[in-house]
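I opened this model to look up its cysteines, its overall fold, one helix pair and a few backbone details. My entries follow in the order in which I checked them.

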Amino acid sequence: MSWRLTPKEAGLIIIDLQEKLIPILHEKEKVIQKTRALIEVAKIFHLPIFFTEQLPEKLGATIPEIKNALPNFIQPLAKSEFSALHCLPEELPRHLLIAGCETHVCVRQTAYDLREEGKSVYLIADATSSRQPLDHELAIHEMQQDKIIVTSVETISWELVQKAGTDLFRQVLAILK
């Protein structure tokens, strides 16, 4: 299987960036900024975008900074299990970019379940976080050991662009600046 990312086979999953979770995250501002950039890049390439909410009746809705960046027609997928696999559609793109929180719980379990389903998973490390930095770092290290691709918003954006000097290049450059 090729690990090269192509826009026609990619999708974005944003996990649990909710009102009661964001305030307790380590580097929450960075996660918000990087996730918004990732959403804008995904929209340029018309990637399907999915976003989940863990027990929204208790943890609140997706924060406005993220919700307002998403296309209006996309609705949250409510879940109570840590993994998002059960609330995602059965038909998913081959390559899945994952952002959100917490890295060592819902993000990690979703990544492993998607791998079990035969998907290539790209953990967008600068758009994920946990309450404790150590939990985030250990989860990233573990996933790297288990061959989940760990990357950044900028790296994945240029992987999607593939070529400089194009209109797509200029649009993505404007987002990443």
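I began with Cys87, which is buried at a relative accessible area of 15%, where buried means under 20% relative accessible area, exposed over 50% and partly exposed in between, with a 1.4 Å probe and protein chains only. I note that this is a predicted model, in which local features need pLDDT of at least 70 and side-chain atom pairs count only at pLDDT 80 or more, while totals for chains, interfaces and linings use all residues. Residues are numbered from 1 along each chain as its sequence is written, and side-chain values use heavy atoms, with hydrogens and water left out.

I then looked for disulfides, meaning pairs of cysteine sulfur atoms within 2.5 Å, and the structure holds zero of them. Cys87 is in no disulfide, and the nearest cysteine sulfur, which belongs to Cys106, is 10.0 Å away. Cys106 is buried too, with a relative accessible area of 6%; its sulfur has that of Cys101 as the closest cysteine sulfur, at 7.4 Å, which is too far for a bond.

Cys101 came up again in the backbone check, since the peptide bond from Cys101 to Glu102 is cis, with omega near -15°. I placed Glu102 in the loop between strand 4 (95–101) and helix 4 (103–116).

For the fold, I counted seven helices and six strands in the chain, taking helices (H or I, at least four residues) and strands (E, at least two) as DSSP runs numbered from the N terminus. Read from the N terminus, the order of elements is β-α-β-α-α-β-β-α-β-α-β-α-α. The radius of gyration, taken over C-alpha atoms, is compared with a globule rule of 2.2 Å times the number of residues to the power 0.38; the chain has 15 Å, close to the 16 Å given for 177 residues, so it is as compact as a globular protein of that length. Along the principal axes, the C-alpha atoms fill a box of roughly 45 × 35 × 30 Å. Of the 177 residues, 48% are buried. With contact meaning heavy atoms within 4.5 Å, residues 24 or more positions apart account for 80% of the contacts with a separation of 6 or more.

Next I asked how the axes of helix 1 (residues 28–44) and helix 6 (residues 153–161) are arranged. They come within 10 Å and cross at roughly 10°, which makes the two helices roughly parallel, a label for angles under 35 degrees. On the helix 1 side I listed Lys34, Ala37, Leu38 and Val41, and on the helix 6 side Val153, Ile156, Ser157 and Leu160.

At the start of my last round I took Lys28, which lies in helix 1 and is partly exposed at 28% relative accessibility. Leaving out residues up to four places away in sequence, Lys28 touches Ile22 and Pro23. Between Lys28 and Leu59 the C-alpha distance is 16 Å, with their positions 31 residues apart in sequence.

Which residues other than glycine have a positive phi, I asked, and His46 is one of them, with phi near 55°. His46 sits in the loop between helix 1 and strand 2 (49–54) and is exposed at 68% relative accessibility. Glu27, not a glycine either, has a positive phi of about 55°; I found Glu27 in the loop between strand 1 (10–15) and helix 1, partly exposed with a relative accessible area of 40%.

Methods. Axes fitted to C-alpha atoms, helices over the stretch in contact; angles between N-to-C directions. Parallel < 35°, antiparallel > 145°, perpendicular 65-115°, else oblique.
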